[in-house]
Amino acid sequence: MAARSDLAFDPWDPAFLADPYPAYADLRERGRVHHYEPTDQWLVAHHADVSALLRDRRLGRTYQHRFTHQEFGRTAPPPEHEPFHTLNDHGMLDLEPPDHTRIRRLVSKAFTPRTVERLAPYVRELAGELVSRLVARGGGDLLKDVAEPLPVAVIAEMLGIPEADRARLRPWSADICGMYELHPSGESAQRAVRASVEFSAYLRELIEQRRKEPGEDLISGLIAAHDEGDRLTEQEMISTCVLLLNAGHEATVNATVNGWWALFRHPDQLAALRADHSLVPTAVEELMRYDTPLQLFERWVLDEIEIDGTVIPRGAEIAMLFGSANHDPAVFGAPERLDLTRRDNPHISFSAGIHYCIGAPLARIELAASMTALLEKAPTLRLAAEPRRKPNFVIRGLEGLSVEIG
Ligand code: HEM
């Protein structure tokens, strides 16, 4: 297939998806900002630039708080996609201040390091149970058997989603997340719209139930805040719950399997980790840097900016390459080497600035819990078959990770 631009960056090319890091090195060498015609975006690949732009208030995740689509030189999304956009656009990740500040303040109380630390014993116990079951079976699919059920159960428990309904969360999330890829197909959009309608209806009903019978969960807490100070609209509450449920597991699932696959490909590092479990905290950070679970985040240019002499006008879109920033030799010594002992590791996988991942402390607990359980209970864990990558670029993951024990 012909290259889509003169850049080595080609997120539709399976060879690029298998290993995008050499193409990122090429981008970084060729300059600080590149116009990428296929998506009409400005690619930014250096750690210093990504880090600065994430904090730059001249950029935003949305422009709709300041401009109409027409004023911003963009077309409104097709009306048939409306259920997806209504859901997405009212979640804090796609809002800017003051709405973002108001919602984030309410939600963040549930996710402070101290609050989530109280969840740690439950997370560790659950990770232990899931791994014990995997061991009893002599292996299985690390994705389906451990990586997925752990974060899904934790975030569902926090929000108070009844156990019987939890199997529905993952397919809804996967269908909605399809829209975060570059150029989603018409079929992906249809699936995302259907999932948005169903997920919203489900949560509207659950919120109604919790209103009648409040519990100890986060949904009941948000209802109380809403009823007291009218600080969350009904739509914001639904969108916040969907965002928490989706963001609360999607990247953690991928970080777990990408991480273990990287370990299997680096037997010396895995052996060092098995010999010294106190490496788990730095290993978790290094694996998130080494194969970055979320590769690209976008921002709209609300007020003109200049990068290295290139003027980027209002209305343009910037695509920040997190995977590239995490492999920038200006910040990381020997960035292509997996080094589980790496201490100076300012990776950008959880973002920065006002949208910095609210779930980072929880994700770290979950990743450390599953890793520790696998090291302790499955010391002979090994790869049973070469995994297949998901054909996605933005959300980087595997179709499964088949493992054997014993
Ligand atoms: C390895 C796991 C995870 C990774 C790599 C990750 C990554 C990210 C990133 C990169 C962003 C910001 C995107 C941007 O700047 O445009 C973000 C935001 C967010 N994440 Fe995470 N995340 C993870 C786990 C979690 C978990 C467990 C939760 C649980 C609640 C969560 C909830 C959120 C929320 C609500 C936001 C939006 C914050 C805001 O807009 O202010 N994430 N995450």
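**Ligand surroundings and local backbone features**

In this predicted model, an N or O atom in the side chain of Arg299 is placed 2.7 Å from an oxygen atom of the ligand. Two further residues make contacts of this kind: a polar side-chain atom of His100 lies 2.7 Å from a ligand oxygen atom, and an N or O atom in the side chain of Arg104 is 2.7 Å from an oxygen atom of the ligand. His100 and Arg104 also belong to the closest of the 29 residues that surround the ligand, a group that includes Ser351, His355 and Cys357 as well. By class, this shell consists of 19 nonpolar, 7 polar and 3 charged residues, and at least two of its residues come from each of helix 5 (99-108), helix 13 (234-247), helix 14 (250-265) and strand 5 (296-301).

The ligand contains an iron atom, for which the protein provides a single donor, the SG atom of Cys357, at 2.3 Å. Cys357 itself is found in the loop that runs between helix 17 (322-325) and helix 18 (360-377).

Several backbone features were also noted in loops. Pro97 and Pro98 are joined by a cis peptide bond with an omega of about 5°, and Pro98 is located in the loop between helix 4 (82-89) and helix 5. A positive phi of about 50° occurs at His183, although this residue is not a glycine; His183 lies between helix 10 (169-177) and helix 11 (186-212), and His183 counts as exposed because its relative accessibility is 52%, where exposed means over 50%. Asp308, likewise not a glycine, has a positive phi of about 50° and sits in the loop between strand 6 (305-307) and strand 7 (310-312); with a relative accessible area of 53%, Asp308 is exposed.

Terms used: Residues numbered from 1 in each chain as written. Predicted model: local features only at pLDDT ≥ 70, side-chain atom pairs only at ≥ 80, totals over all residues. Heavy atoms only, no water. Near = heavy atom within 4 Å. Polar contact = N/O pair within 3.5 Å; in protein donor to acceptor, adjacent residues only side chain to side chain. Helix = DSSP H or I, 4+ residues; strand = E, 2+ residues; numbered from the N terminus. Nonpolar A, V, L, I, M, F, W, Y, C, P; charged D, E, K, R; others polar. Donors = N, O, S within 2.8 Å, 3.2 Å for Na, K, Ca; no water. Buried < 20%, exposed > 50% of the residue type's maximum accessible area, 1.4 Å probe, protein only.
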